[in-house]
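Biologist: I should like to go through this structure with you, one topic at a time. Please reason each answer through to the name or value requested.

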Amino acid sequence: MFATTESVISRLWQRFQDDGNVSRCYSTGRPRVTTPNEGRYLAVTAKRNRRSTASDLSRQLSSATGTTVSRQTVYRRLGHIGLYARRPVRCVPLTATHCRLRLAWSREHALWTPQQWSCVMFSDESRFSLQSDSRRTFIWRAPGTRYHQENTIERHRYGGAGWLVWGGIILGSRTDLHVQSVTMAGHIYRDVILE
């Protein structure tokens, strides 16, 4: 520690004797490990395979150019161009027919009164898998592009054991929450839930 302090002081003293200045020289910090071309390579590779991890991209860069970078460097380079690791949106893919029918339904019911809506019940179900699913799948995407098709993945089909939870809402009320440990077949839906 003493030797380091002494060398700093002697360098400052030498500089003062040379030009009368002891202020620190401007430094841009540690030089970049990657070139602009290597940064572009990372961006193109991430866009082509949005589910690549930072470690995958680092290995691909090393294999293609010989430059070895850390995961943090990959995050920084992609962050500079607006690509960030985010969870993909999970959705049920809709066909053009689905979209057309849903739009027609909403237009048909746009002017309904509360009295008319009081006779309608909306219901939904969710299945909770007992298998391990950490949902740690990330994709590279830019802000504002969350719902773009390339940034969504189809909802998991849930193989194996699990629990099904079903509930419904109606104007001013709701159903009980039903929990089933078996596959929801038509007769169970009719005899257990709807009853």
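Modeller: Before the packing is discussed, one term is needed: contact means heavy atoms within 4.5 Å. The model is predicted.

Biologist: What covers the buried residues of helix 4?

Modeller: Residues count as buried under 20% relative accessible area. In helix 4 that group consists of Thr 73, Val 74, Arg 77, Leu 78 and Gly 79. Their cover includes helix 2, helix 3, strand 1 (84-86) and strand 4.

Biologist: Which residue with a positive phi follows helix 4?

Modeller: The backbone angle in question is phi, and its value is near 90 degrees. The residue that follows helix 4 with this positive phi is Gly 82.

Biologist: How many Å does helix 2 reach from its first C-alpha to its last?

Modeller: Helix 2 spans residues 36-48, which gives it 13 residues. The expected span is 1.5 Å times one less than the number of residues, and for helix 2 this expectation is 18 Å. The reach in the model is close to that expectation, at 18 Å.

Biologist: Why are the buried residues of helix 2 placed on the same side of the helix?

Modeller: The buried residues of helix 2 are Glu 38, Gly 39, Leu 42, Ala 43, Thr 45 and Ala 46. They lie on the same side of helix 2 because the arc they cover around the axis is only 170 degrees.

Biologist: Which exposed residues does the opposite face of helix 2 carry, and what do the buried ones pack against?

Modeller: The buried residues of helix 2 pack against helix 3 (54-65), helix 4 (71-80) and strand 4 (139-141). The face turned away from that buried side carries the exposed residues Pro 36, Asn 37 and Arg 48.

Biologist: Which side chains meet in a salt bridge, and how many such bridges are counted?

Modeller: Side chains of opposite charge can pair when their charged atoms come close. The side chains of Arg 59 and Asp 56 meet at 2.6 Å, N to O, which counts as a salt bridge because the cut-off is 4 Å. Both residues lie in helix 3, three residues apart, about one turn of the helix. The pair is thus Arg 59 and Asp 56, and the count is one salt bridge.

Biologist: Is Arg 59 buried or exposed?

Modeller: Its partner Asp 56 has a relative accessible area of 25% and is partly exposed. For Arg 59 the relative accessible area is 53%, and the cut-off for exposed is over 50%. Arg 59 is therefore exposed.

Biologist: What is the area of the nonpolar surface patch that includes Val 179?

Modeller: Val 179 is found in strand 8 (residues 178-180). At 46% relative accessibility it is partly exposed, and a patch residue needs over 30%. Val 179 makes the patch together with Phe 128, Leu 130, Trp 163 and Leu 177, and the area is about 550 Å².

Biologist: Which residues does Val 192 touch, leaving out those up to four places away in sequence?

Modeller: Val 192 is found in helix 7 (residues 186-194) and is partly exposed, with a relative accessible area of 40%. Val 192 and His 178 are 14 residues apart in sequence, and their C-alpha atoms are 8.9 Å apart. The residues that Val 192 touches are His 178, Gln 180 and His 187.

Biologist: What percentage of the residues of the protein chain count as buried?

Modeller: The protein chain contains seven helices and eight strands. Its accessible surface comes to about 15000 Å², with 54% belonging to carbon and sulfur atoms. Of its 195 residues, the percentage that count as buried is 20%.

Note on methods. Residues are numbered from 1 along each chain as its sequence is written. This is a predicted model: local features need pLDDT of at least 70, side-chain atom pairs count only at pLDDT 80 or more; totals for chains, interfaces and linings use all residues. Side-chain values use heavy atoms; hydrogens and water are left out. Patches are made of residues with over 30% relative accessible area and no salt bridge: like charges are joined within 9 Å, nonpolar side chains (Val, Leu, Ile, Met, Phe, Trp, Tyr) within 5 Å. Accessible areas come from the Shrake-Rupley method with a 1.4 Å probe; for residues, only the protein chains shown count as cover. Helices (H or I, at least four residues) and strands (E, at least two) are DSSP runs, numbered from the N terminus. Buried means under 20% relative accessible area, exposed over 50%, partly exposed in between (1.4 Å probe, protein chains only). The arc is that of the directions from the helix axis to the C-beta atoms.
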